[in-house]
Amino acid sequence: MAPPLGDIAHLGHVELLTPDLDGSLWFFTEILGLTENGRSGGSVHLRTWDDYEHHSLTLTAHSTNGIRRTALRTSGEEALRRRVKELESTGRAGRWVEDEPGIGPLYVSTDPDGHEVALYWESEWYEAPADLRPGLKNQPQARPGHGVGVRRLDHVNFLAADVEANAAFTRDVLGARATEQIVLDTGKVAAQWLTFTNKSYDVVYTEDWTGSRGRLHHIAFATDTREDILRAADLCLDQGVFIETGPHKHAIQQTFFLYVYEPGGNRIELCNPLTRLVLAPDWPLITWTQAERAKGQAWGLKTIESFHTHGTPPVD
């Protein structure tokens, strides 16, 4: 049985691992325009200017890159308890922790692929210091005067050995809705986009052709305008940040995008999906075929060859 609609309020924050903490910190603060909001142990907590919570992203020094935790805020204490009960009843029992500043108890479990997923309700609302106080009282923080100035964390794209199993977990246990997917000629689901809100997607699962588990494809930050994406490309070019592909427009979800790699080796997407909402309660699942996906992006940009080499269409 699908859980009550709305138990998960939104994507809260993520924790990335990086073997180059100083380089990653430079990228997220100077290039993207995030603000540092505290440190704990080997981790640095950062926030986007329009996030109402303590942090949007945690960077943790590690021997390798990747994603450690994806945190989802529930719509209330009862919603949190319902999801915990569902996790435990479906064999995905986790543990309670209190290990993040500004965040109350988190229930930490994993998806079938091994990605760490944390659920929480209690959250400290951010109060900007005097030098970051905004001109408008309905805005958490002043816009940054440097970098891209990304507005918020937009979505997480996980690599998974079994897309269907992980997508089913996200739908049936956590309460997401699937909005779009890629289905290969064999009938295998190669990718699926899911949402907890009226955004067109918050979480994506993409087939990992290596068969590995628990890996990251990318995390994405939303900008106000398409022009911000173009400016981001110029900034990355000037500052020596590797641009993988874009700027361009995806066919799936119609997101205007740019893919880059931050110094720690994590792929980061800058995206402008702000007008793409799913308001219909009976939205049909849109399926893209292998042939349709092979055509490339919306305006004909060819997709990254390495994905084709291993038989999995590239994704947004």
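## A walk through the model

About 50 Å³ of space lies in the second largest cavity, and that is where this tour of a predicted model begins. The structure holds two cavities of 30 Å³ or more. To find the second largest one, select T70, L72, V117, F158, T170, L174, V203 and Y205, which line the space. Strand 5 (66-74) and strand 12 (203-207) are the elements that each give two or more residues to this lining. Color by class and you'll get six nonpolar residues, two polar ones and no charged ones.

Next, an open space. The second largest pocket has a volume of about 260 Å³. Of its 16 lining residues, pick H10, L11, Y52, R152 and L153, as they lie nearest the centre. Here the elements giving two or more residues are strand 1 (8-18) and strand 9 (152-160). What is the mix of classes in the lining of the second largest pocket? This time there are seven charged residues, along with six polar and three nonpolar.

Now click on E53. You'll find it in the loop between strand 3 (43-47) and strand 4 (57-61). Is E53 buried or exposed? E53 is buried, and it has no salt bridge. The nearest side chain of opposite charge belongs to R73, 4.3 Å away, while a salt bridge would need the charged atoms within 4 Å. Show the surroundings of E53 and, beyond its neighbours within four places in sequence, you'll see contacts with H10, G12, R47, R73, I103, Y120, S123, E124 and Y126.

Then select residues 21-31, which make up helix 1. Eight of these eleven residues are buried, so the helix is largely enclosed by the rest of the structure. The buried ones are L21, G23, S24, L25, F27, F28, T29 and I31. Step just past the end of helix 1 to G33, which takes a positive phi of about 90°.

Moving along the chain, zoom in on G246 and P247. A cis peptide bond joins the two, with omega about 0°. P247 sits in strand 14 (residues 242-249).

Last stop: the loop between strand 14 and strand 15 (256-261), home to Q253 and also to Q254. Phi of Q253 is positive, near 70°, in a residue other than glycine. Q254 isn't a glycine either, yet has a positive phi of about 60°. Switch on the surface for this pair: Q253 counts as buried at 1% relative accessibility, whereas Q254 is partly exposed, with a relative accessible area of 43%.

Methods: Residues are numbered from 1 along each chain as its sequence is written. This is a predicted model: local features need pLDDT of at least 70, side-chain atom pairs count only at pLDDT 80 or more; totals for chains, interfaces and linings use all residues. Side-chain values use heavy atoms; hydrogens and water are left out. Helices (H or I, at least four residues) and strands (E, at least two) are DSSP runs, numbered from the N terminus. Buried means under 20% relative accessible area, exposed over 50%, partly exposed in between (1.4 Å probe, protein chains only). Lys and Arg count as positive and Asp and Glu as negative; His and the chain ends are not counted. Contact means heavy atoms within 4.5 Å. On a 1 Å grid over the protein atoms alone, a cavity is a set of points where a 1.4 Å probe fits but cannot get out, and a pocket is an open set with protein on both sides within 12 Å along at least five of seven lines; lining residues have an atom within 4 Å of a point. Grid points are joined across faces, edges and corners, and a volume is the space filled by probe spheres set on the points. Ala, Val, Leu, Ile, Met, Phe, Trp, Tyr, Cys and Pro count as nonpolar, Asp, Glu, Lys and Arg as charged, and the others, Gly among them, as polar.
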